[in-house]
Amino acid sequence: MNTTINSSLTTTTIPMLARAILKPESVVSLNESKFVLEAVKENLRIDGRKLYDFRTLKISFEEEITGNVEVKLGETRVIASVKAEIVEPFPDRPTEGFFNFNVEFSPMADPNFESNRITESAIEVGRVIERGLRESRAIDSEALCIIASEKVWSVRCDIHIVDNNGNLIDCASIAVITALLHFRRESVSVNGSQLTVHPISEKESVPLSVHHVPVCVTFGFFGEGNTMVVDPILKEELILDGKMTITLNSHREICAIQKAGGTAVSQELVMQCIRIAAVKVEEISEKIQTAIKSDADKRARLRS
């Protein structure tokens, strides 16, 4: 059974949902914890990476439709799916379309993802990604307007957590923005009050208006913030002293920063994290654009 978390959850619902019972798979032994910490002190990690290295990123697309993306960050796997439909706008915002955000956690991805037993960190995934997109105005909601006060596009992005081996936020962030860039909606034409939706076979589909590409980069802190790692895996997350997620775009503009509890972090360390994140975001953005272009070329060859 899948558990769905809508991004509109209020803060009062978090305590009720954050009653997760840790499974044996989600407990790190004292020996494992000591090994991880000793490795970090030697600038190494248990999966062979250096402290500031990301895991291997793989992006793939569904062949028949646009907006369906699978992202693998090491052994963490997320699928994002974007759909759009025509609806009526809110009366107080007659020229703005909608962008709805939904996250689904399945017990197959992690034993802790159970019905009515969702951790606060699971809710955090949806919150952080939505903040980076919505508050930075990455999506042009007014471009979704068809007829003011009558018809607008409502875009829905569903995120499915398939495998969890840590750092769900970054993996889901990459999946969401890639799906939005890859998605194409039907073309529409307006003649007076008559609205016509053209099928793809009749008229070329239209991409969403995306102003910039926000990407999340998560840092984990050990030893009261004295040592940090990028892209923590699950075993690292379970023994971290703190965690911080920085959302930037390829222009090095900060879209959001999330630091929920944990050890205190100095201003100098935050600035260091921002500099590291800026480099990582440029690399990830380039991989996203390369993957989308490669898929577009493949589709063009199939059409011809």
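Helices (H or I, at least four residues) and strands (E, at least two residues) are DSSP runs, numbered from the N terminus. The model is a predicted one, in which local features need pLDDT of at least 70, side-chain atom pairs count only at pLDDT 80 or more, and totals for chains, interfaces and linings use all residues. Residues are numbered from 1 along each chain as its sequence is written, and side-chain values use heavy atoms, with hydrogens and water left out.

**Exercise 1. The chain as a whole**

Find how many helices and strands the chain has, and what share of its 304 residues is buried.

*Solution.*
Step 1. Start with the secondary structure: there are six helices and 15 strands.
Step 2. Now sort residues by relative accessible area: buried is under 20%, exposed is over 50%, and partly exposed is in between (1.4 Å probe, protein chains only). Buried residues come to 47% of the 304 in the chain.
Step 3. For the contacts (heavy atoms within 4.5 Å), consider those with a separation of 6 or more: 74% of them join residues 24 or more positions apart.

**Exercise 2. The nonpolar cores**

Work out which residues have the most contacts inside the largest nonpolar core, and which helix gives the largest share of this core.

*Solution.*
Step 1. Build the core from buried Ala, Val, Leu, Ile, Met, Phe, Trp, Tyr and Cys residues joined through side-chain atoms within 4.5 Å. The largest such set has 66 residues.
Step 2. Rank its members by contacts inside the core: Ile59, Ile159, Ile161, Leu180, Phe219 and Ile288 have the most.
Step 3. Look at where the members come from. Helix 6, residues 267–303, supplies the largest share, with twelve residues.
Step 4. Zoom in on Ile59. Setting aside residues up to four places away in sequence, Ile59 touches Val69, Glu70, Val71, Ile174, Thr178, Lys287, Ile288 and Ala291.
Step 5. Then look for another core: a second, separate one has eight residues, including Val28, Leu51, Phe222 and Val229.

**Exercise 3. Around Ser33 and Arg49**

Place Ser33 and Arg49 in the structure, decide whether Arg49 is buried or exposed, and list what Arg49 touches.

*Solution.*
Step 1. Ser33 sits in helix 2, which spans residues 30–41. Its relative accessibility is 17%, so Ser33 counts as buried.
Step 2. Beyond residues up to four places away in sequence, Ser33 touches Val28 and Ile239. You have met Val28 already, as a member of the second core.
Step 3. Arg49 belongs to the loop between helix 2 and strand 2 (57–61). With a relative accessible area of 8%, Arg49 is buried.
Step 4. Again not counting residues up to four places away, the residues that Arg49 touches are Asn43, Leu44, Phe54, Arg55, Val230, Asp231, Ile233 and Glu236.
Step 5. Try a distance too: Arg49 and Val229 are 180 residues apart in sequence, yet their C-alpha atoms are 9.9 Å apart in space. Val229 is also one of the residues in the second core.

**Exercise 4. Two polar side chains in strands**

Find which strand holds Asn102 and which holds Thr247, then see what Thr247 is in contact with.

*Solution.*
Step 1. Asn102 is in strand 5 (residues 98–105). Asn102 counts as buried because its relative accessibility is 5%.
Step 2. Go 56 residues along the chain from Asn102 to reach Asp158: the two C-alpha atoms are separated by 4.9 Å.
Step 3. Thr247 is part of strand 14 (residues 242–248), and it is buried at a relative accessible area of 2%.
Step 4. Leaving out neighbours within four places in sequence, Thr247 contacts Gly132, Pro214, Val215, Cys216, Glu253, Ile254, Cys255 and Ala256.

**Exercise 5. Positive phi outside glycine**

For Ser149 and Asp231, give the phi value, and say where each lies.

*Solution.*
Step 1. Recall the background: most residues other than glycine have a negative phi.
Step 2. Ser149, not a glycine, has a positive phi of about 70°. Its loop runs between strand 6 (145–147) and strand 7 (151–163).
Step 3. Asp231 is not a glycine either, and has a positive phi of about 55°. Asp231 lies in the loop between strand 13 (227–230) and helix 5 (234–237).
Step 4. Finish with accessibility: Ser149 is exposed, with a relative accessible area of 52%, whereas Asp231 is buried, at 0%. Asp231 is also among the residues that Arg49 touches.
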